[in-house]
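Ready for some practice in reading a protein structure? Work through each exercise with the model in view, then check your steps against the solution.

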Amino acid sequence: MALLSIVLPVYGVQGYLEECLDSILGQSFTDFEIIAVDDCSPDHSGAILDDYAARDPRVRVVHLEKNVGLGEARNIGLTYVTGEYVWFVDSDDWLADGALWAIAERLHSVKPDVL
């Protein structure tokens, strides 16, 4: 079980997705999983996710058969998490270096219900 599960809903973001995934997977903190939910994206986002999942076991991909929208994609992702904490990251965003380490330090020191 990972400390942190990152739920990443994905739709129409092939131009941003690799930067997003690289910014997460390149963090110095590594006790996390990514649950990437391909919300029946019409571009190559699903293939990009599959490529990353093939290279890194922390990435799990859920491919939806029809587009359900951001909220439902997040809810579906929640059913797959194994981490103690969950963070929703948008797939057109990126994380600054050290972001996960700072989050993990706060989680370990405070043990909050919500951060």
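**Exercise 1.** Find which strand gives the largest share of the lining of the largest pocket.

*Solution.* Start with the lining in this predicted model: Leu 4, Tyr 85, Val 86, Trp 87, Ile 103, Leu 107, Asp 113, Val 114 and Leu 115. Next, look for elements that supply two or more residues; these are strand 4 (85–88) and helix 4. Strand 4 gives the largest share, with three residues. The pocket itself holds about 190 Å³ of space.

**Exercise 2.** Sort the linings of the two pockets by residue character.

*Solution.* Take the largest pocket: eight lining residues are nonpolar, none is polar and one is charged. Now turn to the second largest pocket, with a volume of about 150 Å³. Its lining divides into six nonpolar, three polar and three charged residues. Among them are Pro 9, Asn 67 and Asp 90. Strand 1 (4–10) and helix 3 (70–78) each supply at least two residues of this lining.

**Exercise 3.** Work out what kind of aromatic pair Phe 29 and Trp 101 form.

*Solution.* A search of the whole structure finds one aromatic pair. Step one is distance: the ring centres of Phe 29 and Trp 101 are 6.2 Å apart. Step two is angle: the planes meet at 65°, and over 60 degrees counts as edge-to-face, so the pair is edge-to-face. Step three is position: Phe 29 lies in the loop between helix 1 (14–25) and strand 2 (32–38), while Trp 101 is in helix 4 (residues 99–110), 72 residues apart. Finally, check accessibility: Phe 29 is buried at 8%, whereas Trp 101 is partly exposed at 44%.

Note on methods: Residues are numbered from 1 along each chain as its sequence is written. This is a predicted model: local features need pLDDT of at least 70, side-chain atom pairs count only at pLDDT 80 or more; totals for chains, interfaces and linings use all residues. Side-chain values use heavy atoms; hydrogens and water are left out. Rings of Phe, Tyr and Trp (its six-membered ring) pair if their centres lie within 6.5 Å; planes under 30 degrees apart count as stacked, over 60 as edge-to-face and the rest as tilted. Helices (H or I, at least four residues) and strands (E, at least two) are DSSP runs, numbered from the N terminus. Buried means under 20% relative accessible area, exposed over 50%, partly exposed in between (1.4 Å probe, protein chains only). On a 1 Å grid over the protein atoms alone, a cavity is a set of points where a 1.4 Å probe fits but cannot get out, and a pocket is an open set with protein on both sides within 12 Å along at least five of seven lines; lining residues have an atom within 4 Å of a point. Grid points are joined across faces, edges and corners, and a volume is the space filled by probe spheres set on the points. Ala, Val, Leu, Ile, Met, Phe, Trp, Tyr, Cys and Pro count as nonpolar, Asp, Glu, Lys and Arg as charged, and the others, Gly among them, as polar.
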